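Dear colleague,

I am passing on a structure that you have not worked with before, and I would be glad if you could look it over. My notes on what was found in it follow below.

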Amino acid sequence: MFSKQQSPFLGWSYFLRHQYRVLWRKGGLVNAMARPSLLLTWALCGYGLIYSTGTVWLWLFALLSLSFALALYQRYRLLVDTATSAVSSSAQGYVALQGTARLPDGEYTRGLPQLPVTLWLPGYIEDQPFYLLDDAGRCLLYPEAADIVIQPSNHHYHWLQAIYPGQTLYVLGDMRTYTGDNTRHGYHYRVSELLARWKSNSFNLLGAFDKNGDGRLCAEEWAVAVKSAQQLAREAQAENRYKTGTHIIDRSSGGRLFMISNIPPDRLATRYRIASGLYSAAWLGVLVIYYSA
Amino acid sequence: MITFFAMLGGLIVWIIVLYNHLVMLKNNSDKAWSNIDVLLKQRNEELPKLIAVCKEHMQYEQETLQRVIAARSRVETALKAGDMGSIGMAEDQLRLGLGQLFAVAEDYPELKASDAFLQLQMRITTLEDNIADRREFYNDSANLNNTRIEQFPDVLIARMFSFRRYRLMSFTTLEKHDVDIAANFKH
């Protein structure tokens, strides 16, 4: 249950340190830079640099401001321009999902004993999967590689940075569905498995395919056996196609953002848009000041 | 001079970000379409099996069966041509035909008791539900792409690099109305 083999009764200092660091460690630098407190700090840094240091530091400040502006703008566009899919539709590829967080089947408790049940808790439970449910489907989320962008909620403790069961989550990532079709039990695997199984019982194999009764399978008889195995594999594959698969999001391809958030997407998008605008203004401000100086 | 180059550099990077984003929107729409395409093909593979099972029991419903066969063939042709408008119309006809087929099947107890029929009916209904969900997702993705390439400043890049609009898979009046069960039983 505990990711780093820790005792569940670790001290408060360890706990609070992780609560504080989660913003940087799991939310990522870009997300952290969109917070009002850091925006203000950044503006004050810029103000200080203009009046106290040389040009090099000012250019560095401008360059970093532009980088943050572009990164935040990309995040903003990703949030507003990714269509939200229903989990049940099992649309494969990069999707946005919205639903309710739930513990996996058969698991009734998770987290620290002195706290309410938590699905994800910084420093303690960071890599264990949990479900995201919507009206008609559910998807297993593996948060290990995700940017976790969370805010304390009023579910339990108003200060605790965690994900609780029952919380509404917004997820961006690559959805994949595992069925009998795309697991290792593919067509060729099935054919080889069937043939191997038949071969292990030579009495039955000869009984079924030794048409001339010479006690062994000639090339033609073996070809018939292979064809039969192929036919059975195709039928099994067709059956599997209609079995409900397991939907999973554990990463995103092409360097795109894999994010799990308990902040409503429109609010998050507004935050990124405003922050991007302010960093752009900082960049332009430096250029204007440099030009007019 | 340095200020000018710094501004130019920033502008170029911003244009690259916008371009990459339009590429992402295009790929999202393509992927959303391929998500539907695969299900339409699966559903079309199941239909001949359903027709074969129905033919054994429904000798007096040749017209309904022919309607489904013809609609399926129209969907296949439209899919091959990649014409979204024709796919939508052909799909409407096919759904109507299937609705009638399942309705008249109620009159054939032997057919209703057939495991093969029940299994195929369940598969096709599940596929239809998934197609409906994925169509919604495709329409959302296409709509986001279409809106973006018409907005300033994206429109400049979209026109420069010929980003195209995606046609939506429209819901016709037939689908929006409740199913008229009584009409389906008139034969």
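**Notes on the predicted model**

In chain A, residues 24 or more positions apart account for 75% of the contacts with a separation of 6 or more. Please keep in mind while reading that this is a predicted model. The secondary structure of chain A comes to eight helices and seven strands, and of its 293 residues 30% count as buried.

On confidence, the average pLDDT of chain A is 81, and 89% of the residues score at least 70. Among the elements of this chain, the lowest mean pLDDT, 74, belongs to helix α1 (residues 12–25) of chain A, while the highest, 92, belongs to strand β7 (residues 259–261) of chain A. Residues 1–6 of chain A have a pLDDT below 50, and beyond near neighbours in sequence this stretch has eight contacts in the model. Where pLDDT is low, the predicted coordinates should not be read in detail.

Strand β1 (residues 93–102) of chain A is a useful place to begin looking, since several of the findings concern it. Seven of the ten residues of β1(A) are buried, so this strand is largely enclosed by the rest of the structure. With strand β5 (residues 168–178) of chain A, β1(A) pairs in the antiparallel sense over eight bridges, and in β5(A) the residue A:Leu172 is the bridge partner of A:Ala96. Strand β2 (residues 130–133) of chain A also runs antiparallel to β1(A), to which it is joined by three bridges; here A:Leu133 in β2(A) is the bridge partner of A:Thr100.

A:Asp214 lies elsewhere, in the loop between α6 (202–209) and α7 (219–241) of chain A. Because A:Asp214 has 10 other C-beta atoms within 10 Å, and 12 or fewer is the cut-off, this residue counts as exposed. Its C-alpha atom is separated by 77 Å from that of A:Tyr272, although the two residues are 58 residues apart along the chain.

Finally, there is the contact between the two chains, which takes 22 residues from chain A and 24 residues from chain B. On the side of chain B that touches chain A, α1 (2–57) and α5 (115–148) of chain B each supply at least two residues, and the largest share, 14 residues, comes from α1(B). By type, the residues on that side of chain B divide into nine polar, nine nonpolar and six charged.

With best wishes

Notes
Residues are numbered from 1 along each chain as its sequence is written. Chains are lettered from A and ligands numbered from 1 in the order in which they are written. This is a predicted model: local features need pLDDT of at least 70, side-chain atom pairs count only at pLDDT 80 or more; totals for chains, interfaces and linings use all residues. Helices (H or I, at least four residues) and strands (E, at least two) are DSSP runs, numbered from the N terminus. A residue is buried if 20 or more other C-beta atoms lie within 10 Å of its own, exposed if 12 or fewer, and partly exposed in between; C-beta atoms are placed from the backbone. Two residues are in contact if their C-beta atoms, placed from the backbone, lie within 7 Å. Ala, Val, Leu, Ile, Met, Phe, Trp, Tyr, Cys and Pro count as nonpolar, Asp, Glu, Lys and Arg as charged, and the others, Gly among them, as polar. pLDDT is the predictor's confidence in each residue, from 0 to 100. Two strands pair if DSSP finds at least two bridges between them.
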